[in-house]
Amino acid sequence: KTTFVKYFINNLQLKSNNKLTEVTSPTFNIMNEYIIENFVVKHYDLYRLKSSNELKDLNLFENNDDILCIEWPEIIKEEPSSIKKLYFEYKNDFKNRFLKIIN
């Protein structure tokens, strides 16, 4: 998941003629933010959160102009209607990889 987000962000940076930045997993700090021209990409990892109450402090969906990449989103109970979900599936010891995009 983090590898996908890394290439996604770096590709946006390339297309915007921005300097490529290191994109790391936000497991310990929960969110990393990347400013690309006139928008922001926020990369969340919700793995360490124990309850949906902890999400309130994050203000996940407060700015509709941001692009959110969220790892371990199962804890989210109320999602915005404009969400796109990406599901990663691996088979044959990770030799076969699949991506499903769901509106």
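Reader: Why does Glu89 count as partly exposed?

Author: Its relative accessible area is 30%, and the scale, computed with a 1.4 Å probe on protein chains only, calls a residue buried under 20%, exposed over 50% and partly exposed in between, so Glu89 belongs to the middle class. This is a predicted model, in which local features need pLDDT of at least 70 and side-chain atom pairs count only at pLDDT 80 or more, while totals for chains, interfaces and linings use all residues. Residues are numbered from 1 along each chain as its sequence is written, and side-chain values use heavy atoms, with hydrogens and water left out.

Reader: What makes the contact of Lys91 with Glu89 a salt bridge?

Author: The N to O distance between these side chains is 3.3 Å, and the rule asks for a side-chain nitrogen of Lys or Arg within 4 Å of a carboxyl oxygen of Asp or Glu, so the pair qualifies. Lys91, at 42% relative accessibility, is partly exposed as well.

Reader: How do you know that Glu89 also forms a salt bridge with Lys100?

Author: The closest N and O atoms of Glu89 and Lys100 are 4.0 Å apart, and this value is accepted because the limit is written as within 4 Å. Glu89 lies in strand β4 (residues 85–91) and Lys100 in strand β5 (residues 96–102), so the salt bridge ties together parts that are 11 residues apart in sequence; strands are DSSP runs of E with at least two residues, helices are runs of H or I with at least four, and both are numbered from the N terminus. Lys100 has a relative accessible area of 47% and is thus partly exposed.

Reader: What makes a network out of these salt bridges?

Author: They share partners, and in this way Glu89, Lys91 and Lys100 are joined into one network. The structure holds four salt bridges, among them that of Glu79 with Lys85, whose closest N and O atoms are 3.2 Å apart. Glu79 is partly exposed at 37%, and Lys85 at 27% falls into that class too.

Reader: Why is the pair of Phe4 and Phe8 called stacked?

Author: Rings of Phe, Tyr and Trp (its six-membered ring) pair if their centres lie within 6.5 Å, and planes under 30 degrees apart count as stacked, over 60 as edge-to-face and the rest as tilted. By this rule there are three aromatic pairs. Phe4 and Phe8 lie 6.5 Å centre to centre with 5 degrees between the planes, so they meet the distance limit and the condition for stacking. Being four residues apart in helix α1, they are separated by about one helical turn; Phe4 is partly exposed at 33%, as is Phe8 at 29%.

Reader: What makes the pair of Phe4 and Phe88 edge-to-face?

Author: Here the centres are 5.3 Å apart and the planes make 65 degrees, a value over 60 and therefore on the edge-to-face side of the rule. This pair links distant parts of the chain, with Phe4 in helix α1, Phe88 in strand β4 and their positions 84 residues apart. Phe4, Phe8 and Phe88 form one aromatic cluster, and Phe88 has a relative accessible area of 30%, which is again partly exposed.

Reader: Which residues is Leu99 in contact with, leaving aside its neighbours within four places in sequence?

Author: They are Phe4, Leu86, Tyr87 and Phe88, contact being defined as heavy atoms within 4.5 Å. Leu99 has its place in strand β5 and is partly exposed at 40%.

Reader: What makes β1 and β3 edge strands of the open sheet?

Author: The sheet has three strands in the order β1-β2-β3, with mixed pairing, and two strands pair if DSSP finds at least two bridges between them. β1 (31–36) and β3 (67–71) each have a single partner strand, so one side of each is left without a neighbour in the sheet.

Reader: How do you know that β1 and β2 pair, and in which sense?

Author: Six bridges join β1 to β2 (residues 39–45), in the antiparallel sense, and since at least two are asked for, the pairing holds. One of the bridges sets Ile36 opposite its partner Phe39 in β2.
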